[in-house]
Amino acid sequence: MDSHAQVDPRRHSGDTWIVIPLYNEGSVIARVVAELREHFEHIVCVDDGSTDGSADAAEAAGARLIRHPVNLGQGAALQTGFDYVVKQPGARYLVTFDADGQHRIEDAMLMLDLAKHDDVAIVFGSRFLDDRTNPGVLKKIVLQTAVWVTNKTTGLHLTDAHNGLRVIRTDAAAQIHLEQDRMAHASEIVMKLGRTKLPWREFPVEVLYTDYSKAKGQSLLNSVNILVDLLVR
Amino acid sequence: MWIQILLVVGVILIGFFLARPAGGDSHLALRRLFMAAFVAVAILSILFPQWLSWFANLIGVGRGADLMLYALILAFLVFVATTYRRNVQVNHRITLLAREIALARADAEDARAAIIAHEAESSDAADERPAADRIERED
């Protein structure tokens with residue numbers, strides 16, 4: 001892994017589609033897409049009814065744009081992206097990537113290396129496998145609550161449940177049908193991927209907490225929503 | 001008393017209104033039975049208020065009016081719960097519909113892009129031939 005600097009930066013470009021759920025990230029999405037374009041050919045932005053020109057910015061930056069006619073939620077946007085990508089000829093892997101630029105592309109590349117090398121269907125990014133990421137006390141409470149609920153309800157044992165960076169092989173993605181439109185979809189993805197019984201791994205990633213992503217990150221109250229969404233159907 | 005006549009007419013009208021079919025057939029029969037029972041009890045307690053108090057005393061509630069309040073709270077909670085569930089279902093349907101629209105539009109765009117790419121390819125091939133002819137003529 002130490003020699004990855006010399007490896008072809010576009011080695012995953014041919015068979016990997018990036019899926020970005022997009023909602024009102026106009027100030028950052030163009031840069032995120034442009035950086036991804038250096039490594040990947042196929043970038044799908046699912047615009048979830050943005051009202052700030054995010055969609056046009058993403059399209060101008062070179063993303064394949066799919067527009068929801070109304071705002072449905074991040075889970076719904078991910079599912080739309082899955083449905084689109086699994087139909088594309090040549091698509092073997094998809095990577096879910098957050099639109100606000102909190103993920104590192106290098107992490108995504110290494111996760112794809114791992115998925116292909118170990119032939120696993122799913123690689124979850126985890127910010128708690130090493131100490132690069134410092135989310136702060138409140139956010140840590142929220143995230144650890146989510147991890148606890150997810151592990152209780154899914155039977156998998158993850159260290160980080162609500163990380164937007166995931167590598168999913170298309171045969172696994174084709175078996176997923178998300179019904180939680182809002183934030184509980186992160187746990188739902190884990191649960192439904194777990195039910196496929198396909199092999200999975202966790203991979204340490206760094207989450208970049210910019211002022212921007214801090215301002216709109218998950219609030220403490222949202223952990224209540226996540227709990228209720230999971231328990232009350 | 002006038003109030004009794006008004007209330008009885010009101011209860012009967014609401015009963016008929018709610019017995020109209022709307023939504024699933026399986027729930028409709030249950031709802032009609034429930035409405036019939038509700039109308040009967042409502043009319044009974046309007047015409048004979050003392051009956052309601054007698055019944056309330058029987059199950060350990062002070063007055064008939066208190067019993068009504070408790071029943072109302074229960075009915076309201078049931079209403080909130082069923083409305084929430086229905087809302088979730090409706091939202092799910094909207095999601096499926098919106099996704100179909102988004103994907104259909106994407107498919108149409110992909111098909112158009114493929115046609116344009118195909119046309120550009122064939123016009124490139126057409127452009128090449130005259131260019132080759134020209135070079136030959138210059139010779």
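**Aromatic pairs and a buried strand**

Let me begin with a single residue, A:Trp200, which is partly exposed at a relative accessible area of 27%, where buried means under 20% relative accessible area, exposed over 50%, and partly exposed in between, computed with a 1.4 Å probe on protein chains only. Before going on, I should say that this is a predicted model, in which local features need pLDDT of at least 70 and side-chain atom pairs count only at pLDDT 80 or more, while totals for chains, interfaces and linings use all residues. Residues are numbered from 1 along each chain as its sequence is written, chains are lettered from A and ligands numbered from 1 in the order in which they are written, and side-chain values use heavy atoms, with hydrogens and water left out.

How many aromatic pairs does a search of the whole structure find? Over all chains there are two, where the rings of Phe, Tyr and Trp (its six-membered ring) pair if their centres lie within 6.5 Å, and planes under 30 degrees apart count as stacked, over 60 as edge-to-face and the rest as tilted. In one of them, A:Phe124 and A:Trp200 have ring centres 5.9 Å apart and planes at 70°, so this pair is edge-to-face. It connects distant parts of the chain, since A:Phe124 belongs to strand β5 of chain A and A:Trp200 to strand β7 of chain A, 76 residues apart; helices (H or I, at least four residues) and strands (E, at least two) are DSSP runs, numbered from the N terminus. A:Phe124, at 3% relative accessibility, counts as buried.

The other pair is in chain B, where the rings of B:Trp51 and B:Phe55 have centres 5.9 Å apart and planes at 10°, so they are stacked. These two residues are four apart in helix α3 (residues 49-58) of chain B, and are therefore separated by about one helical turn. B:Trp51 is partly exposed at 26%, and B:Phe55 is also partly exposed, at 32% relative accessibility.

Returning to chain A, why is strand β5 (residues 122-126) described as largely enclosed by the rest of the structure? Five of its five residues are buried, so that description follows, and both faces are covered, with A:Ile122, A:Phe124 and A:Ser126 on one side and A:Val123 and A:Gly125 on the other. Three bridges join β5(A) to the antiparallel strand β6 (residues 166-169) of chain A, two strands being paired if DSSP finds at least two bridges between them, and five bridges join β5(A) to the parallel strand β7 (residues 200-204) of chain A. A:Ile122 stands opposite A:Ile168 in β6(A), whereas A:Phe124 has A:Glu202 in β7(A) as its bridge partner.
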